[in-house]
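Biologist: I would like to learn how to read a protein model. Could you take me through one, feature by feature?

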Amino acid sequence: MTQEQQFEFLIEGIVAKGYAICDDFLESNEVENLLETFAQRYKSGKFREASIGKQSEVHKASLVRGDEILWLETNSIDAAERMLLDKNQAFVDYLNQTCYLGIKDTEIHFAKYDVGKYYRRHRDTFQTQKGRVLSVIYYLNTHWIPENGGNLIIYAQENGVEKAITITPLAGRLVCFESEKLDHEVTETFAERYSVTGWLLNRR
Ligand code: OGA
Ligand code: MN
C-alpha cells in the first residue's frame with residue numbers, strides 16, 4: 001500500500017467503527033531506528049512515570065497505569081523522531097484536507113511498559129481541556145509473541161452491544177481511534193513493551 005492508501009484505509013475504519021489498525025505503517029528499518037533513539041533517551045534518564053489528571057496524583061496513578069513516558073519535542077532533529085513526527089504530520093495534513101477535522105496541534109510521547117505493567121480501562125479525554133480528537137499509537141515490538149500479553153483492548157459498540165477488540169502491539173502497526181468515544185486498556189505485559197502514543201488536537 002502507498003502512504004495515501006494507508007491513510008484512506010485508516011480513515012475508512014475510523015468512520016465505520018471509530019478505530020482502525022494499519023499494519024506495516026512503519027517499515028522495519030524505521031522501527032529499528034526508533035528503538036535505537038528510544039533506548040538512548042531511556043538511558044539518559046528522562047522518562048517519567050506517567051500520570052493521570054493532575055501531576056500531584058502520580059502515586060494514585062500507578063495503580064491505573066504503569067508506563068514510563070517521555071514527550072517528543074516537535075522540533076526534534078533526531079532522524080528517527082523526525083521521520084515519525086513527519087509521518088504523523090502527513091497523516092494530520094491528509095485528515096485536514098479530506099475530512100476537515102481541523103487538527104491544529106499534536107502531542108506525542110514514547111511509552112515503555114516494564115514486565116508486570118498495564119493501563120486499566122480508560123478514555124483518553126480525562127484531560128478535557130486538551131481537545132483530543134484522535135489517538136494514534138505506533139508499536140515498536142519486534143518478535144512479539146501472544147504469551148507476552150500487553151494487548152491493547154478497544155471496547156467498541158456494535159449495534160448497541162459492547163465488543164472487545166484485542167490488538168497485539170506488533171512492530172510497525174499503527175492503531176488510531178476516536179479519543180472521546182472509545183474506552184480501551186492495556187493488559188498486563190510479560191515482556192518489555194515499546195510504543196509511541198500521540199494525540200491529534202483541535203486546539204493549540
Ligand atoms: C494511552 C494508551 C495504549 C497502548 O497511552 O493512553 O491507551 O496500546 N495506550 O499503548
Ligand atoms: Mn489511552
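**Reading the model step by step**

Modeller: Start with Arg173: at 12% relative accessibility, this residue counts as buried. Keep in mind that the model is predicted.

Biologist: Why does Arg173 count as buried?

Modeller: Buried means under 20% relative accessible area. Arg173 has 12%, so the residue counts as buried.

Biologist: Which side chain does Arg173 meet in a salt bridge?

Modeller: The idea is a side-chain nitrogen of Lys or Arg within 4 Å of a carboxyl oxygen of Asp or Glu. Here Arg173 meets Asp23, at 2.5 Å from N to O. Asp23 sits in the loop between β1 (19-22) and α2 (28-43), and Arg173 in the loop between β8 (161-167) and β9 (174-178), so the pair ties together parts that are 150 residues apart in sequence.

Biologist: Is Asp23 buried or partly exposed?

Modeller: Asp23 is partly exposed, with a relative accessible area of 38%. Its partner Arg173 is buried.

Biologist: How many salt bridges does the count come to?

Modeller: The count comes to 13 salt bridges. Take Arg121 and Glu162: their side chains meet at 2.9 Å, N to O. This pair also links distant parts of the chain, with Arg121 in strand β5, Glu162 in strand β8, and their positions 41 residues apart. Arg121 counts as partly exposed at 38%. Glu162 is partly exposed too, with a relative accessible area of 42%.

Biologist: What about Lys163 and Glu158?

Modeller: Their side chains form a salt bridge of 3.6 Å, N to O. Lys163 is partly exposed at 40% relative accessibility, and Glu158 is partly exposed at 37%.

Biologist: Which residues are joined into one network by salt bridges that share partners?

Modeller: Arg121, Arg123, Glu162 and Asp183.

Biologist: Now the metal. Which residues are the protein donors of the manganese ion (ligand 2)?

Modeller: Look for the atoms that lie beside the ion. They are His122 (NE2), Asp124 (OD) and His184 (NE2), lying 2.1 Å from the manganese ion.

Biologist: How are the donor residues spaced in sequence?

Modeller: The pattern reads H-x1-D-x59-H. The two histidines link distant parts of the chain: His122 is in strand β5 (residues 119-122), His184 is in strand β10 (residues 183-186), and they are 62 residues apart.

Biologist: Are His122 and His184 buried or exposed?

Modeller: His122 counts as buried, at 11% relative accessibility. His184 is buried as well, at 4%.

Biologist: Next, pockets. How much space lies in the largest pocket?

Modeller: A pocket is read by its volume and by the residues that line it. The largest pocket holds about 450 Å³ of space. Its lining has 34 residues, and the closest to the centre are Ala50, Arg65, Ile69, His109 and Trp199.

Biologist: Which strands each supply at least two residues of the lining?

Modeller: They are β2 (48-49), β3 (68-71), β4 (105-113), β5, β6 (132-139), β10 and β11 (193-201).

Biologist: How does the lining divide by class?

Modeller: There are 15 nonpolar, ten polar and nine charged residues.

Biologist: How do I read the surroundings of one residue, say Gln6?

Modeller: Ask for its element, its burial and its contacts. Gln6 lies in helix α1 (residues 3-17). Gln6 is buried, with a relative accessible area of 8%. Leaving out residues up to four places away in sequence, Gln6 touches Met1, Cys22, Asp23, Asp24 and Phe25. You met Asp23 before, as the salt-bridge partner of Arg173.

Biologist: What is the phi of Tyr100?

Modeller: Tyr100 has a positive phi of about 50 degrees, although the residue is not a glycine. Tyr100 is placed in the loop between α4 (79-99) and β4. At 69% relative accessibility, Tyr100 counts as exposed.

Biologist: And His143?

Modeller: His143 has a positive phi near 55 degrees, and this residue is also other than glycine. His143 belongs to the loop between β6 and β7 (152-158). With a relative accessible area of 77%, His143 is exposed.

Biologist: Where is Pro146 found?

Modeller: Pro146 is in the loop between β6 and β7. Pro146 is exposed, with a relative accessible area of 67%. Its C-alpha atom is separated by 26 Å from that of Leu70, and the two residues are 76 apart along the chain.

Notes. Residues numbered from 1 in each chain as written. Chains lettered and ligands numbered in written order. Predicted model: local features only at pLDDT ≥ 70, side-chain atom pairs only at ≥ 80, totals over all residues. Heavy atoms only, no water. Donors = N, O, S within 2.8 Å, 3.2 Å for Na, K, Ca; no water. Helix = DSSP H or I, 4+ residues; strand = E, 2+ residues; numbered from the N terminus. Buried < 20%, exposed > 50% of the residue type's maximum accessible area, 1.4 Å probe, protein only. 1 Å grid on protein atoms, 1.4 Å probe; cavity = no way out; pocket = protein on both sides within 12 Å on 5 of 7 lines; lining within 4 Å. Points joined across faces, edges and corners; volume = space filled by probe spheres on them. Nonpolar A, V, L, I, M, F, W, Y, C, P; charged D, E, K, R; others polar. Contact = heavy atoms within 4.5 Å.
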